[in-house]
There are 6 protein chains.
Amino acid sequence: MSSVNYTQFYSFNLCFPAEFVAHVEINRPTKLNAFNQDTWRQLREIFHLISVDPNVRIVILSGAGDRAFTSGLELSPELFAMLNGGLDEERARFMTRRIIQDFQRSISAIENCSKPVIGVAHGVAFGLAVDILSATDIRICTSDVRFSVKEVDIGLAADIGTLQRLPKVVNSLSWCKDVVYTARVFGAQEAHAQGFVSKVVESKQKGLEVGLELAKVIATKSPVAVQGSKHLINYSRDRTIQEGLDYTATWNALAIGKDMKDAVAATLSKSKPQYGKL
Amino acid sequence: MSSVNYTQFYSFNLCFPAEFVAHVEINRPTKLNAFNQDTWRQLREIFHLISVDPNVRIVILSGAGDRAFTSGLELSPELFAMLNGGLDEERARFMTRRIIQDFQRSISAIENCSKPVIGVAHGVAFGLAVDILSATDIRICTSDVRFSVKEVDIGLAADIGTLQRLPKVVNSLSWCKDVVYTARVFGAQEAHAQGFVSKVVESKQKGLEVGLELAKVIATKSPVAVQGSKHLINYSRDRTIQEGLDYTATWNALAIGKDMKDAVAATLSKSKPQYGKL
Amino acid sequence: MSSVNYTQFYSFNLCFPAEFVAHVEINRPTKLNAFNQDTWRQLREIFHLISVDPNVRIVILSGAGDRAFTSGLELSPELFAMLNGGLDEERARFMTRRIIQDFQRSISAIENCSKPVIGVAHGVAFGLAVDILSATDIRICTSDVRFSVKEVDIGLAADIGTLQRLPKVVNSLSWCKDVVYTARVFGAQEAHAQGFVSKVVESKQKGLEVGLELAKVIATKSPVAVQGSKHLINYSRDRTIQEGLDYTATWNALAIGKDMKDAVAATLSKSKPQYGKL
Amino acid sequence: MSSVNYTQFYSFNLCFPAEFVAHVEINRPTKLNAFNQDTWRQLREIFHLISVDPNVRIVILSGAGDRAFTSGLELSPELFAMLNGGLDEERARFMTRRIIQDFQRSISAIENCSKPVIGVAHGVAFGLAVDILSATDIRICTSDVRFSVKEVDIGLAADIGTLQRLPKVVNSLSWCKDVVYTARVFGAQEAHAQGFVSKVVESKQKGLEVGLELAKVIATKSPVAVQGSKHLINYSRDRTIQEGLDYTATWNALAIGKDMKDAVAATLSKSKPQYGKL
Amino acid sequence: MSSVNYTQFYSFNLCFPAEFVAHVEINRPTKLNAFNQDTWRQLREIFHLISVDPNVRIVILSGAGDRAFTSGLELSPELFAMLNGGLDEERARFMTRRIIQDFQRSISAIENCSKPVIGVAHGVAFGLAVDILSATDIRICTSDVRFSVKEVDIGLAADIGTLQRLPKVVNSLSWCKDVVYTARVFGAQEAHAQGFVSKVVESKQKGLEVGLELAKVIATKSPVAVQGSKHLINYSRDRTIQEGLDYTATWNALAIGKDMKDAVAATLSKSKPQYGKL
Amino acid sequence: MSSVNYTQFYSFNLCFPAEFVAHVEINRPTKLNAFNQDTWRQLREIFHLISVDPNVRIVILSGAGDRAFTSGLELSPELFAMLNGGLDEERARFMTRRIIQDFQRSISAIENCSKPVIGVAHGVAFGLAVDILSATDIRICTSDVRFSVKEVDIGLAADIGTLQRLPKVVNSLSWCKDVVYTARVFGAQEAHAQGFVSKVVESKQKGLEVGLELAKVIATKSPVAVQGSKHLINYSRDRTIQEGLDYTATWNALAIGKDMKDAVAATLSKSKPQYGKL
């Protein structure tokens, strides 16, 4: 359905289950969808491509297999070699900093993707899973999901997004610090009560159906309006109200036009608006 | 009860149902209280006047009639003419930007009003309604209210405040993006669960009563303390903790004085404090 | 259990109920644990010492006696003399500003303490109590607690932290402004629904037990990871996502090392990791 | 030459000495062009009108008479009454704050005017003169000019712009603090060495000629380009490089179009480009 | 001298005139070193490679041929096609925004390069030349250089860095706005007086010699110290003093170590320190 | 002349050469006024005391002896022990970070001192000397001064203020990076041309005389005005124009009063105003 070539991403499945809807599936089920360096770089490239693919308006992100969204980072010998390459102490630390920044860019690719992303989490969703999901726009989970901000248990503070984004997407900073400091597992009900997910469903299958229904609704809307809304909410979250308003005035002076006319015309003619690709 | 002349605002009713309490009512019930350019400019002027009227300490904002708080922006031929005045493309966009900024200033007048504002929402509360309510301080709604962040359905991203303020007054960014991207209608229960409103009542009449009781309580408090609190919460919301603290120390060095003495004296004499006008 | 000398703090009890756990108890029960200038300065010094005491990894903060966490600031003649020392008007205000800043530094010492702090609130928790608790990391309360943002009732806007921190740790800004403008008392259930506390327990005794259990769990974790997490969450709360990420990459390039190796080694050997002091 | 009605501004002369060039002259020469409340409010209104007047692309601002650009604020009995209206101490201070903000808005109207402003200073240029000139875009002075940041000599810190803008338009913060703390008079040579003015001329007449020549050059340029440049320089001055770049990309996506085509076409045809009004 | 493969960059010459010194030469002399899309993308990739090449500690950037550093952007038919691809108005603007951002990233690659860059400008240095040079660390020019912020003359505000960076590297904002609004040519003397360049030399050959001497000095210094200094100056330029200090403390806790020991040891043994690669 | 006890600061001489003028002299001439940990802590305490000493309105800071303002940090065995205490790698780095922050607070005490500070530099002024001088308000130097941002030569980036403050007090970022990356010595003329110092004098004796004359002038001015000006310039330097203006309005509403009346009364009576202590 898309003219972009996504075939080189062997760690992921991509399909287009409805018009303008992309489904990205983390596809290392025998590893509980754990991420190695290849996986995180492919993730970034996929979201870079989707961001500019005019045939995609909305994305669903989930994990293959029954057991896990993702169990997190694969603690491979390669990773340790990468962190510890025979350099003197400070030079090794400069290298560590670069690796963290590279990894951060992969997670941020989801947030920076111009199209909204719906995360559907099930089973094990540890460490990196929370980093990734915090960077999606809308989160759904199954009742059997097991979340954990796992990083403290491997002796480090989370460094690719959870500590930045999780406090801004949930209710209670007291709760947030509790799960971060203890690395304890929490389930669907707690995630929903805290606003981390906006819906809990009984199974992964159901989660994908609900996600797809939501995606189809968003896919019928003006992409100028939806992509503008994502951009402006994220921009404004990080700034004063006044800065958000000023930027929005400039943005909409750029963006208002044909889609507004199409929307109004469709309303007047009681038809369904058809918007151009973006 | 006020010496300020508010009579020229034909799109609004103003009354003073209790000492120091102003009630602003959007008064275009036959249009579902929709806003045209006159309406939004009058709104701004009213809140500018209230902001410096020493006889007002607290404001209630609601909509006239049974059917709507407001249905949003009136999509009039004048509006389209304004957006599209025969100029070349970029000059038209400069003009659009000015109009958006003008409109934003009207909504921000509620937030910038030195006195707190209690919003009471009922019936249809679409588009602009959410922009306005997000700019009030405390929100109450009726059980029949129907909210919608409607802008996506007319082909544009919301540009007069919702995308800036709504994420900062509700619980869950996942939920917030859901209602923004889909423009779906949500009701009182969802608004309450998300913290958008802090109370749900059975009818508009009851909402106005509850709002008035709350307003009367606030009207008995030191206006130096209440107006300072509004100013400092809004200031600090947009800044680091430390910047908020620094500013607050300077502010209170200015503001502490007679009202504190009056409060302490009243406590000691077991009387009710009487504060000066502000 | 600690080699630091904490004995000079007569307004507080300090004990070490478990390895790496400090318990700080406000100890003026006959005054409902009200704070005078000595109390607030001792609070600051205690948290400065704990911040660099390698034998402490986690702190519990509570109030002595059955009746109060703290009733707030003691409105003593000394305080009024301090605010009003025969200077001309502006010079007195410069002095007031210095006193507020001095007081703010005491409350901020809790937030700036490198170790996390668990607040356990019971009974009367007015004014200053909310300032202090908002600066802790994790909050627990008893079912009989009575919170109030009391400052408006003494004629001033809260100026030592509540207006900065409370809106960032609870759900609903509408609710927050309600309790600030009215100074009304609210209880455990409301505090929990708003996310101000993450757990409600039946008694102070139970609260201390629950707090201690939580503290013991956190005390077994890598202090590099936990202290890093506290620092990075607080840093990132006040900044854009991108600034938080950039800082985190630099921080973790400094912090990753031995604790990660210890954690991984313990996992491989199925033993409990033992981390160095910090 | 302009269709806007500027006639009501008796404290100022307005004329249009060349196409698209407005000349605003402070016209109270018998008072050394001192400002009272009327004067500063008229200043604001004039610049608000010019900002949206499509017949103006560039403004020259100077003072009438031989003796002064402006001697600063007129210390009239009305001013003191305004600052001191029989209110209690804190309420009087709230009022003072409003008056300062009102006055600040007048000076900021020059900076916020969408068209660039060239200041031509001569003779006495004290206090308010530096506030005003710091808010212009390009500054020229005569060799006889006498500048002074006078505020310290009347017992207050400058509060309408000098302390914000002067350090950002001159070279040396050491020099800047010297002239602020001492209120000493400095002349054209020192102002030029510090970059406060970019040109010194021998007489007021010459200053107006040089200013007009410069204005005529700017008036031939694309107003989309010039006004965009002013907006973007001012925006970026206050922000990180990256924020400035991000905003600029959005701005130019809005602004690039017809003027660029007109400019390129003129280049190809070796004619002088004619741009639309803005 | 470097193990990195730089051979694919046909628009540039790269050589390594001394140990740890790279020389990047814009190599389209027959086009006055004008940039097309290929050129700007190669520029970015070269600086990305240099940024992590341990054999480079300092970079010289200059233009090939006698006539120009660079004449700016090549106004090719491809560029216009790119800006104008048959899309509706708003979609074309979204595309323009992406192109500007892509171009900005190329210029920012110089600033973000971890190694300092010395710019040597001669001849024509128009438009893009000023954007590029403003992003270098140290600027030298020949006496025959002709600078111009040319963008206004093609009907647009400069959008790839000049408006952000030039005001932060020169003395006088008045002067800066003068050259931006008029697009007038200015020479070496004016550039030096304004601090845009820190040295003027008589010829391009001399400029390269002086640049090389300076580069050799910097190449003998600790790369941890030099790269840290560049990073920290740029970081701090954009932030408050306190934020710069806080970040610097964290950074140096990471970076201090072996190079400091090497430096001190060399001082004690009166030898020349040899630092590790970075 | 001052009632504050300054006697315990053996590394410094303090005297009061004129009413309201304090002179702080770094007094380790046999060590070229190098700083050890005691020295830097005493510096901080002195400026904390001066900041609240009502008998001081202005401070002069210089170095004892003929040879140096200060040669910088004393590289003592204690310092290395402090940096390297037998801890594991990361814990040692946490400790380094604390030491840097402690040191930074000493330098910042000069900037945060409520009274302006005039630095008089002579002879050797290396490393720490530039950090300290950048934190003063007004800088004077002798013609024999030898400045160097020395840190790169001991293998580290400057970390106690130079990289934050120097670029904000001099003209040319190109020049600034040149002296930082090369650690080269520069003299009085270059320092003056760059605006680092605002005056060059022939000898240390002359520098102290000139500094004292300037100090006496400032000491006659309203301390409310002068201290407010220092606070507001520093506050505004780090923020947007608008934030600076907003804060200034609040500040002056607090600060305007008696000193303004005293100033106006003195003007009317043609006497010299006498201001209260602050």
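Let me start with the contact between chain A and chain C, which takes 40 residues from chain A and 48 from chain C. Keep in mind that this is a predicted model.

The size of an interface is often given as the accessible area lost when the parts come together. Here, about 3,600 Å² is buried between chain A and chain C, and carbon and sulfur atoms give 63% of that. Which residues of chain A lose the most area to chain C? They are Gln164(A), Ser174(A) and Tyr181(A), and together they account for 19% of what that side buries.

Now the polar side of this interface. There are 20 residue pairs in polar contact across chain A and chain C, counting pairs with both residues at pLDDT 80 or more. The rule also finds two salt bridges across the interface. In a salt bridge between Asp153(A) and Lys221(C), the side chains meet at 2.8 Å, N to O.

On the chain A side, the elements giving two or more residues to the surface that touches chain C are helices H2 (77-83), H3 (89-112), H5 (162-169) and H6 (173-182). By residue class, that side divides into 17 nonpolar, twelve polar and eleven charged.

Next, a helix pair from two other chains. Helix H6 of chain D, residues 173-182, and helix H8 of chain F, residues 204-219, have axes that come within 9 Å and cross at roughly 45°. That crossing makes H6(D) oblique to H8(F). From H6(D), Asp178(D), Tyr181(D) and Thr182(D) meet Leu214(F), Val217(F) and Ile218(F) in H8(F). The residues of this contact comprise four nonpolar, one polar and one charged.

Methods
Residues numbered from 1 in each chain as written. Chains lettered and ligands numbered in written order. Predicted model: local features only at pLDDT ≥ 70, side-chain atom pairs only at ≥ 80, totals over all residues. Heavy atoms only, no water. Axes fitted to C-alpha atoms, helices over the stretch in contact; angles between N-to-C directions. Helix = DSSP H or I, 4+ residues; strand = E, 2+ residues; numbered from the N terminus. Parallel < 35°, antiparallel > 145°, perpendicular 65-115°, else oblique. Contact = heavy atoms within 4.5 Å. Nonpolar A, V, L, I, M, F, W, Y, C, P; charged D, E, K, R; others polar. Buried area = accessible area lost by both parts, 1.4 Å probe. Salt bridge = Lys/Arg side-chain N within 4 Å of Asp/Glu carboxyl O. Polar contact = N/O pair within 3.5 Å; in protein donor to acceptor, adjacent residues only side chain to side chain.
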